[in-house]
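Biologist: I would like to learn how to read a model like this one. Could you take me through it, feature by feature?

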Amino acid sequence: MNTSDFTETAVETKEQLVANLRRVIADAEDLLAATAGQTDSKMADLRARAKENLAVAREKLAEVRAAGRDRAIQAAEATDQYVHDNPWSSIGAAAAVGMLIGVLLGRR
């Protein structure tokens, strides 16, 4: 899977999560409005809908977190492998970044 595939998946997942959370909020607002004097059966239906949508939103959020964690682990493993394969390049890059930070901090 390449970077654009990860980006596409993340955007789609984010949109689904936002849609699910919007439904949960809408159902919660309906539930609050229903408690103002509606019958028990309508309130029970609204509560059931809100509970179902909340469960879906929690599931999607857990999936997003897991996907993010998996991508972070993959990035860390790729970085580790690169450093092991190219130790001198990595040391040179780290030294250059350190010098740049030193120069920038020294100007203040």
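Biologist: Let me start with one residue: is Asp30 buried, partly exposed or exposed?

Modeller: Buried means under 20% relative accessible area, exposed over 50%, and partly exposed in between (1.4 Å probe, protein chains only). Asp30 has a relative accessible area of 34%, so Asp30 is partly exposed. This is a predicted model, where local features need pLDDT of at least 70, side-chain atom pairs count only at pLDDT 80 or more, and totals for chains, interfaces and linings use all residues. Residues are numbered from 1 along each chain as its sequence is written, and side-chain values use heavy atoms, with hydrogens and water left out.

Biologist: Where does Asp30 sit, and which residues is Asp30 in contact with, leaving aside neighbours within four places in sequence?

Modeller: Contact means heavy atoms within 4.5 Å. Asp30 belongs to helix α1, and, apart from neighbours within four places in sequence, Asp30 is in contact with Leu46 and Arg49. Asp30 and Arg47, 17 residues apart in sequence, have C-alpha atoms 9.1 Å apart.

Biologist: How many helices and strands are there in the protein?

Modeller: Helices (H or I, at least four residues) and strands (E, at least two) are DSSP runs, numbered from the N terminus. The protein has three helices and zero strands, in the order α-α-α from the N terminus on.

Biologist: Which element has the lowest mean pLDDT, and which the highest?

Modeller: pLDDT is the predictor's confidence in each residue, from 0 to 100. Helix α1 (residues 3-34) has the lowest mean among the elements, 71, and helix α3 (residues 87-106) the highest, 89. For the protein the mean is 78, with 85% of residues at 70 or more.

Biologist: Let us stay with helix α3. Why does Ser90 count as buried?

Modeller: Ser90, in helix α3, counts as buried because its relative accessibility is 17%. A polar atom of the Ser90 side chain lies 3.0 Å from the backbone oxygen of Asn86. Leaving aside neighbours within four places in sequence, Ser90 is in contact with Tyr82 and Val83. Buried residues are 11% of the 108 residues in the protein.

Biologist: And is Leu105 buried or exposed?

Modeller: Leu105, also placed in helix α3, is exposed because its relative accessible area is 57%.

Biologist: What fraction of the contacts between residues at least 6 apart in sequence joins residues at least 24 apart?

Modeller: In the protein, 58% of those contacts do.

Methods
A polar contact is a pair of N or O atoms within 3.5 Å; within protein, one must be able to donate a hydrogen and the other to accept it, and residues adjacent in sequence count only if both atoms are side-chain atoms.
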